[in-house]
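Q: Please explain how the labels attached to this structure follow from their definitions.

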Amino acid sequence: MSEPGVRNADDMLQCLIDSRYKDGRGTTETEVVGMLVSALFAGQHTSSSTGTWTGARLLADDNAAHLRAAVREQQRIMARHGGRVDYEVLQEMEALHRCVKETLRLHPPTMVLLRHAHRSFVVRNREGEEYEVPEGCTVASQSSRWRTGGAASRRTPCGQWARR
């Protein structure tokens with residue numbers, strides 16, 4: 001435990017509490033809680049979701065050849081390493097890696113990707129309507145897994161997009 005008044009860089013919670021934004025504002029308790037929840041659970045959700053989808057896709061009848069290739073590869077590599085499974089051994093499993101990458105393409109674990117517009121640009125929707133996204137805005141892009149088929153929101157934290 002740290003002495004009072006001494007900052008310990010290994011204490012994640014204290015670092016979050018003491019952190020400051022570029023404008024000098026400190027973090028609120030709500031922000032710190034949100035960052036902790038994200039740090040603790042985000043990786044578990046994405047990993048378990050990806051593993052579940054990879055298994056489900058490999059077990060589908062039309063992917064039997066990919067499943068056989070991944071299993072043969074795992075048997076060969078694990079035999080070479082005496083049955084040991086760790087990060088380095090998994091890195092050698094190219095067929096499994098390709099299966100996971102395809103799963104991530106088909107079933108991305110993120111609901112929304114946020115990007116900051118460093119310059120203004122124009123977006124055209126399927127109906128041909130164009131919208132200008134001003135420099136400095138934060139743009140939310142819905143992952144294909146979470147699309148509902150309805151019209152996307154045209155509001156950003158910067159306000160209304162300008163229809164061209």
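A: Among the elements of the chain, strand β5 (residues 155-156) has the lowest mean pLDDT, 38, and α3 the highest, 95; pLDDT is the predictor's confidence in each residue, from 0 to 100. This is a predicted model, in which local features need pLDDT of at least 70, side-chain atom pairs count only at pLDDT 80 or more, and totals for chains, interfaces and linings use all residues. Residues are numbered from 1 along each chain as its sequence is written, and side-chain values use heavy atoms, with hydrogens and water left out.

Q: What is the mean pLDDT of the chain, and over which residues does pLDDT stay under 50?
A: The mean is 81, and 79% of the residues reach 70 or more. Over residues 145-164 pLDDT stays under 50, and for these the model has 39 contacts beyond four places in sequence, a contact being heavy atoms within 4.5 Å. Where pLDDT is low, the predicted coordinates should not be read in detail.

Q: What makes up the secondary structure of the chain?
A: There are 5 helices and 7 strands. Helices (H or I, at least four residues) and strands (E, at least two) are DSSP runs numbered from the N terminus. From that end, the order is α-α-α-α-α-β-β-β-β-β-β-β.

Q: Why is T27 called buried?
A: Buried means under 20% relative accessible area, exposed over 50%, and partly exposed in between (1.4 Å probe, protein chains only). T27 has 17% relative accessibility and therefore counts as buried.

Q: What surrounds T27, and where is it found?
A: T27 is found in the loop between α1 (12-18) and α2. Not counting residues up to four places away in sequence, T27 touches L16, I17, S19, Y21, V32 and M35. The C-alpha atoms of T27 and I17 are separated by 6.3 Å, with their positions 10 residues apart along the chain.

Q: Why is R57 called partly exposed, whereas N63 is called buried?
A: R57 has a relative accessible area of 33%, so the label is partly exposed. N63 has 17% relative accessibility and so counts as buried.

Q: Where do R57 and N63 lie, and which residues do they touch?
A: R57 is placed in helix α2, and N63 in the loop between α2 and α3. Leaving out residues up to four places away in sequence, R57 touches N63, T103, L106 and H107, while N63 touches R57 and L58. R57 and L106 are 49 residues apart in sequence and 9.8 Å apart in space, C-alpha to C-alpha.

Q: What makes a set of grid points a pocket, and which residues line the second largest pocket?
A: On a 1 Å grid over the protein atoms alone, a cavity is a set of points where a 1.4 Å probe fits but cannot get out, whereas a pocket is an open set with protein on both sides within 12 Å along at least five of seven lines; lining residues have an atom within 4 Å of a point. The residues lining the second largest pocket include R57, N63, T103 and L106. Elements giving two or more residues to this lining are α2 (29-59), α3 (64-80) and α5 (94-106). The largest share, 6 residues, comes from α5.
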